[in-house]
Number of protein chains: 2
Amino acid sequence: MNSELLVRVTRYYRALNRLRAIGLEKVFAHNLADAAGVTAAIVRKDFSSLDIKGQKRGGYEILQLVEQIGKILGKGDVQNVVVMGCGRIGKALMHYSGFEPDGIKIVAGFDSDPMVYADASSSIPVYPMTRLDEVVQALSVKVAIITVPEVAAADCYQRAIDAGVKGILNFSPITLRNSVLDDGSTVVVHNINIALELEQIFYELQFPKQK
Amino acid sequence: MNSELLVRVTRYYRALNRLRAIGLEKVFAHNLADAAGVTAAIVRKDFSSLDIKGQKRGGYEILQLVEQIGKILGKGDVQNVVVMGCGRIGKALMHYSGFEPDGIKIVAGFDSDPMVYADASSSIPVYPMTRLDEVVQALSVKVAIITVPEVAAADCYQRAIDAGVKGILNFSPITLRNSVLDDGSTVVVHNINIALELEQIFYELQFPKQK
């Protein structure tokens, strides 16, 4: 599946779960198109390419679609994630409620500052960075969110790899790259650079794209 | 400038400002390549396409590069930004220190909950959402960060447009789209969907891309 199709299918899946949560049983290509920011024709084409069949008039059965797309996306058990760096943004992400509908659970935070990890008020535990290996193994954590300052990012990435983490969502301003491990597997990194996004918006405002 | 080149140039610019801040005067294509996650050959090619000339041996003068690239990126005055929705993530972004080196300043937050906007402890003011127009006009705000819950996102986007905001960085899980206004100008929207990024990482781990 190419990455654009994957983004769309993930969006369909999220929309379906939300529609199911509010009690709907049927959905039309138009509904999913609106949710994913595409046209209904694209939804139908995507479904056809994924071999998903819909009723001609009555729309698609939501429950059935969730199952089919869930299988395609490899959904199943809850996915445990840890947050490395519990400053403002790290803490906000630890307690972000938007992950749960997607089966993603933040199970722990890590910080190198005793003032942070000794704070017992958090509903999700915060551990010293030195306990990363232990927690990652005990909870089968595959993915870590990195929200440490720039100077600590590269070190933090290496620690995550050493602990056995296979996927990284990096919010530090340093661009981290996918790593190929000795066993041939790849550590998948996605970088979200918030300042860079803002700068690009300012740039596009100043120099509008040619139509 | 195409968007991939823009991303690279913005990264060069950020790296240059950081190097300058620690007292360096010269920089080599290799340094910038590392910072931007590309090869030195690409840096040289980009500079050549932007008509930036470097010394053959001694590297580039940082100060001169910052000026040249700043002009290309349309840099100058500080850019004022507001945050709409002052929950955990909104507040974290309001106080994020990573924007300042790029000349971006968060000047105000907005929330519809009196418990939030009546809180005087914040070093950056938080106003009721109804005062958006007034603040946007008074401080010449061009860009808003949207961090409201899903149900409020579309309404919040419309409010921002009505207030005269021209660019949106959207963190809500709803995908917002660029809008063309009556005067023919475009409201530029960038969407950052954190849950979606995590899901894509899990997907890529389960179904690795073919090399």
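**Exercise 1.** By what turn and what shift along the axis can chain B be laid on chain A?

*Solution.* The model is predicted: local features need pLDDT of at least 70, side-chain atom pairs count only at pLDDT 80 or more, and totals for chains, interfaces and linings use all residues. Residues are numbered from 1 along each chain as its sequence is written, chains are lettered from A and ligands numbered from 1 in the order in which they are written, and side-chain values use heavy atoms, without hydrogens and water.

Step 1. A turn of 180° with a shift of 0.0 Å along the axis lays chain B on chain A, with an RMSD of 0.0 Å (least squares on the C-alpha atoms of residues with pLDDT of at least 70 in both copies).

Step 2. This is the relation of a two-fold axis.

Step 3. The same surface serves both copies, as 100% of the contact residues of chain B (contact: heavy atoms within 4.5 Å) recur in chain A.

**Exercise 2.** Determine which residues of helix α2(B) are buried and which exposed.

*Solution.* Step 1. In helix α2 of chain B, residues 29–36, the buried residues are A29(B), L32(B), A33(B) and A36(B). Buried means under 20% relative accessible area, exposed over 50%, partly exposed in between (1.4 Å probe, protein chains only); helices are DSSP runs (H or I, at least four residues), as are strands (E, at least two), numbered from the N terminus.

Step 2. Seen down the axis of α2(B), these buried residues fall within an arc of 105° (directions from the axis to the C-beta atoms), so they line one face of the helix.

Step 3. The face turned away from the buried side carries the exposed residues H30(B) and D34(B).
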